[in-house]
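User: I am new to this structure and would like to know how each label in its description is justified. Could we go through them one at a time?

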Amino acid sequence: RGKLKLLIAGAGGGKLEREVWSFDVDLQRFPKKLVEIEQVGATPQTGQVLRGQHIKVSRDAASGDMDSIEAQGQVEIYTPTRQAMGDALRYETSFDAKHQVIKNMVAVRGNPETKARATIWSGEDQIKAMKFEIDLRLDTFTAMGGAMAKLKMDTPAPAAGGSGAPP
């Protein structure tokens, strides 16, 4: 059990513009529990799960488009292709007038106080850093602050007549 708070913002008490959903876990009563939000996809391969001690979701009331998610404390995110863990996560998306995505970013950071790094992994590959950013629109990845990577290297097929061993 935790608490759910819905904040609805309108301009001067007028038209509803934004919905903000805030989820928190009572850590005194449930120290090992996390808030969990599951996005169910059309198939099991397209869904994702976000967990954390505090999660806030903001969306445009008119379109229903989610424009940001913020998570704090023991953050975990699981997608079909990668997983990440850290102390905080921020996801931002925005659209132009034709509803084309112009921003689609995820940032995960470690804990600067304890110097614990955020971790992202895909299969056997793993990267740790104080912060990493993924631009899902441009398909780019940036790791900052003491980045360390452990990657599985593909072994090339041996050339005709060769042993396949490095020179």
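User: Why is R59 called partly exposed?

Analyst: R59 has a relative accessible area of 30%, and buried means under 20%, exposed over 50% and partly exposed in between (1.4 Å probe, protein chains only), so the label partly exposed follows. This is a predicted model, in which local features need pLDDT of at least 70 and side-chain atom pairs count only at pLDDT 80 or more, while totals for chains, interfaces and linings use all residues. Residues are numbered from 1 along each chain as its sequence is written, and side-chain values use heavy atoms, with hydrogens and water left out.

User: How do you know that R59 and E19 meet in a salt bridge?

Analyst: A salt bridge is a side-chain nitrogen of Lys or Arg within 4 Å of a carboxyl oxygen of Asp or Glu, and the N to O distance for R59 and E19 is 2.6 Å, so the pair qualifies. The two residues are 40 apart in sequence, with R59 in strand β5 (residues 54–60) and E19 in strand β2 (residues 16–25); strands (E, at least two residues) are DSSP runs, as are helices (H or I, at least four), numbered from the N terminus. E19 has 13% relative accessibility and therefore counts as buried.

User: What makes R51 and E76 a pair that ties together separate parts of the chain?

Analyst: The side chains of R51 and E76 meet in a salt bridge at 3.2 Å, N to O. R51 lies in strand β4 and E76 in strand β6 (residues 66–78), so the pair joins parts that are 25 residues apart in sequence. R51 also forms a salt bridge with E36, where the closest N and O atoms are 2.6 Å apart. By the rule for these pairs, the count comes to eight salt bridges.

User: How do you know which part of the chain has the lowest confidence?

Analyst: The predictor's confidence in each residue is its pLDDT, from 0 to 100. Strand β1 (residues 2–10) has the lowest mean in the chain, 47, whereas strand β10 (residues 125–129) has the highest, 96. Over residues 1–6 the pLDDT stays under 50. Where pLDDT is low, the predicted coordinates should not be read in detail.

User: Why is T119 called buried, and what is it in contact with?

Analyst: T119 has a relative accessible area of 11%, which is why it is called buried. Leaving aside neighbours within four places in sequence, T119 is in contact (heavy atoms within 4.5 Å) with residues including Q83, M85, Q126 and F132.

User: What is the volume of the largest pocket, and which residues are closest to its centre?

Analyst: The volume of the largest pocket is about 620 Å³, a volume being the space filled by probe spheres set on grid points that are joined across faces, edges and corners. On a 1 Å grid over the protein atoms alone, a cavity is a set of points where a 1.4 Å probe fits but cannot get out, whereas a pocket is an open set with protein on both sides within 12 Å along at least five of seven lines, and lining residues have an atom within 4 Å of a point. Of the 25 residues that line the largest pocket, Q39, Q48, I77, T79 and Y91 are the closest to its centre.
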